[in-house]
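Reader: Please give me a close look at one part of this model, the pairing of strands, and then set that part in its wider surroundings. I would like a careful account that also tells me where caution is needed.

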Amino acid sequence: MAAAKNDILQGTLTLLVLKTLASNKRMHGYAITTHVQIVSGDLLRVEEGSLYPALHRMEQHGWLRAEWGVTEKNREARFYSLTAKGRKQLVDEEDSWARFTEGVGRVLRYV
Amino acid sequence: MPWLRRLVNVFRSRRVDRDIQREVDFHINERADQLHTEGMPLAQARETARRHFGNTLRIREDSRRINSIGWLELLFQEFRFAMRVFRKSPAFAATAVLTLGLGIGATAAVFSVVDAVLIRPLPYPDPDRLIGIWHSAQFQAVTSRNVRLSSTMYLTYREHNRTFAEFGLWRPGAATVTGAGDPEQVRTIVVTHETLPALGVTPAIGRWFSAADDRYGTNETVMLTDGYWRRRFGGDAGIIGRAVTIDARPREVIGIMPRTFRFPIAGLAGVLNADADVILPQRFEPAQLLPNDVHTYIGIARLKPGVSLEQATVDVARMLPLWIAERGTSSAVLTAARFGPALRRVKEDVVGDVGSVLWVLMGTIGLVLLIACANVANLLLVRAEGRRQELTVRAALGAGWRHIARHLLAESVVLGVAGGALGLGLAYAGLQLLIAIGPVNVPRLSEISIDGRVLAFTLGMSVASAVLFGLIPALKFARPGRNMALGTVSGSRNIGDSPTRQRTQHALVIVQVGLAVVLLVASGLMIRTFLALRNVEPGFAVPSQVQTMRLSISQPEVPDPERVVRMQQDILNGLAGLPSVAAVSFATALPMESEFETSMAVTAEGEPVTQGIPPMRRSKNVAPGFFATLGIRLIAGRDFTWTDVVDRRPVVILSASMARDVWGDPAAAIGKRVRVGRGGPWNEVIGVAGDIHDSGVDQAPPAIVYWRAGIQGALSANGPTFTPRDVTFAIRSSRTGTEAFIRQLAQAIWATNPNLPLARVQTMGEIYDRSMARASFALVMLAIAGVMALTLGMVGVYGVISYAVSRRRREIGVRLALGAARTGILRQFLRQSIRVSAVACLCGVVLSLAVTRVLSGLLYGVSPVDTTTMAGVVVVVLLVATLAAMIPATRAALIQPMRTLREE
């Protein structure tokens, strides 16, 4: 709540969403937000302003599938799940991220 | 396919937006719940959650843009807006759409015809490989490229050719079908067995002819066309294998051609442009294969793959000497006539020379469309003026010039598409009408329809016109860098009118009326042509009182020629005995019956002997009384008598022009002699008849040799005699054309022989009208276009003056209040309209000088730059323009000054 708001680069947002949905079959947008927050130990907070446009964009790309469903509280929500294409994209993104962090790490380790 | 969904979402923007709204709401509610569970009061939780979420509107917009196609959705919105606006001013929208509908509809209709006749390929597989085998020959300095093949040529070409994949002969003919009901005369095509395979259209049921069917002595067969099969046999497939009696002989039906099959019969060459009913195999009797057999068969071939037309021509040239050697034809005659091949593609034959007329028509209708566009552009301009305020406010609120331009163009496109849809409907109706009227000389008439190409063309035209007329107001109001000055809210208080505004409008009206003038001048010229043609004396009298019918006495029915002649004489006497019949006779071809026209090489005694073949002269076989029945004057000598016929006397009658050409004076021709070719028996000239316009009133009367009816002597020793069996009867009576009379005639004929079919029952008047058909078709089309153009032009003039009046209401009110005369106001506006029209007429006349030259092929008796016509048109246009301006001008003159001054 009072923790410093950390903006997340849009590219990593895609990665996080894909990974989140890889571990959980179906989630709605709010659930994705909370999952990221909890799992990262409150280090990461998803900027809600960019979440939904990102979700829709990923849906257009064919990485996510979306359908309307009902939560436990009997509320209507839009649930997203990963497609085969999305799974492949996840692998690609993980590779890129690994390369990125390795690269940044190397630069930082340089004295 | 994601883009498909996005495309669909363009039209469901509200639904998409609602979905996103729901998603966002859900998220906010969840967070609010979360906060509430953690202890915050509900209202505050909601508030915090919303604030935490961020700018809902922007997020929703972003999401929506991702889910649909941005620019398309914008465009769609513009269209929806335009529709709403048009619903508010239906009069304007209706006028615009109607105007466009007329223009586009006419264009689409003409294009359909052009498409079906000129552009669309013939309905055979690989039609470019089909060629017609013709020959060229020179007869007395006239070269004909339409010489057909003889039977012996067929045999030679078939055996020796190297370039044809298929090669066959055909000729059109007629036959009698008897057996059930009235004897019926049918149109036939007689083909050798290779012809249908050459065309490449397989029968719907059954099989083609084979070589066996062509061989003399085998079982006689026949094929039916789909139309005839349905008409006569009710579409019964069991007809295959059964016999049909044709020309008194039973034939087995072996196949039915498909519904879409048409024979490539030439359109304007005078051959009947009708579909055949029955297809018969061509058989050559061994005795028929004489060296000098008549060149009466049309050759058609399909080129081998990879072979060009030139190679085929060379091949035929190579085969000609072979033919001469094999069949013993006289090579001297052929060389003298410069006999040679003249191959051409079948499509050229079918289309004939209609092409030029159609393109002229296309140009004409294009002009009408332009006029319609100018009209609508004017309307839009006027409207945009009225919306100047609204557009200015838009610009002030941030709409760039691109936005405004897009908005105006969207309106135009909506109008254009609506006009196009209406036009398509009108075109369809018009085409149905055209096919029903069926002008005789439009080839491939049955193929005219609205197909994909026409639809695409119409759509293209609609959008193009829309852009064209939409550009004008768009350019005026939405140019980059143009700043819209916000005038006073109540509109400009300017007393006058800015000159530039009026100039564009005037320019548009000048264009419209000018084009209308061009079209009207063209119509006027055609009207004069038509009248001139009607005034030409055809050479025979009162054609509407002459009933005609075609009678064939076929060889199998009556084999003996003497019996044929007796039968013809009996029929003639039988008809002459009927009440109200003033005169009867018959001939192989009546005047203007171009389908039965024949020519023969005729030498006249005393004519200078020339090299090569003697001149070809039109020949008819006529019975005694022919000239009296048709009202053709006998200038000198006497008519044939039945004694001449029965005794087979060698006598002829010549037309006046021939007599004059050869011997100078018609009277001098009496007693002279003529013969066929150079070796035929001499025939004595016993009479000279007045000239008739046998080839149509727009052609000079040709030289005609009238042979007598009955058996004609052989042309050489042991050669065959000739008896005309197919003749047209002419009956002069005041009861011509009535159903009862025709029945009476039929009964009288059948009293002599009940198996004779009667065909082509029509009056001479109808034959005469048909010969004028080409001119009248063009005239009707041009007249329609001219009237449309004039109407549109007048609407334009009305619009401009009306607008001028409405802009200057205050000024007029002030002037009237200050004492100006009402008539002065009236005159002022009338003067304005006359000025505009006068300039338009001037431009139109100048333009028409250039354009009507194109028409000169169709004109008769009037030059393309006829001043009377042009003067007449100018007077009419000025008059109508003044009338059109009267209404708004009167309205101006009747303005009540107090009311206008109080208006604000």
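Author: Two strands are said to pair if DSSP finds at least two bridges between them. The model is a predicted one, and in it strand β15 (residues 581-587) of chain B pairs with strand β23 (residues 726-733) of chain B in the antiparallel sense, over six bridges. Within this pairing, Phe586(B) has Phe729(B) of β23(B) as its bridge partner. Five of the seven residues of β15(B) are buried, so this strand is largely enclosed by the rest of the structure. As a general matter, side chains in a regular strand alternate between the two faces of the sheet.

Turning to the packing of the interior, the largest nonpolar core has 106 residues, and the members that touch the most others are Val368(B), Val376(B), Ala516(B), Val517(B), Ala789(B) and Val797(B). Helix α14 (residues 354-386) of chain B gives the most to this core, contributing 17 residues, and at least three residues come from each of domain 2 (69-124 + 353-493) and domain 4 (498-535 + 771-904) of chain B. Ala516(B), once its neighbours within four places in sequence are left aside, is in contact with Ile371(B), Ala789(B), Leu790(B), Gly793(B) and Val877(B). Apart from this core lies another, of 61 residues, with Leu590(B), Leu630(B), Ala656(B) and Tyr768(B) among them. Elsewhere in chain B, helix α7 (residues 151-160) has Ser151(B), Thr152(B), Met153(B), Tyr154(B) and Tyr157(B) as its buried residues, and these pack against β4 (164-178) and α11 (309-327) of chain B.

The partner chain can be described in the same way. Chain A holds four helices and three strands, which run α-β-α-α-β-β-α from the N terminus on, and 28% of its 111 residues count as buried. Where the chains meet, 14 residues of chain A are in contact with 17 residues of chain B. On the side of chain A that touches chain B, the elements giving two or more residues are α2 (29-39), α3 (48-61) and β3 (76-82) of chain A, and α3(A) gives the most, with seven residues. That side of chain A divides into four nonpolar, five polar and five charged residues.

Two loop residues of chain A deserve a note on their backbone. Most residues other than glycine have a negative phi. Asp42(A), however, has a positive phi of about 65°; this residue sits in the loop between α2 and α3 of chain A and is partly exposed, because 13 other C-beta atoms lie within 10 Å. Asn74(A) also has a positive phi, near 65°, and is placed in the loop between β2 (64-70) and β3 of chain A, where it is exposed, with 6 other C-beta atoms within 10 Å.

As for confidence, the model scores ipTM 0.85 and pTM 0.61, and chain B averages a pLDDT of 80, with 90% of the residues scoring at least 70. Over residues 267-273 of chain B, however, the pLDDT is below 50, although this stretch has 25 contacts in the model beyond near neighbours in sequence. Residues 486-497 of chain B likewise stay under 50, and for them the model has 10 contacts beyond four places in sequence. Where pLDDT is low, the predicted coordinates should not be read in detail.

Definitions and conventions:
Residues numbered from 1 in each chain as written. Chains lettered and ligands numbered in written order. Buried ≥ 20, exposed ≤ 12 C-beta atoms within 10 Å, placed from the backbone. Contact = placed C-beta atoms within 7 Å. Nonpolar A, V, L, I, M, F, W, Y, C, P; charged D, E, K, R; others polar. Core = buried A, V, L, I, M, F, W, Y, C linked by C-beta atoms within 7 Å. Domains from an automatic or database assignment. pLDDT = per-residue confidence, 0-100.
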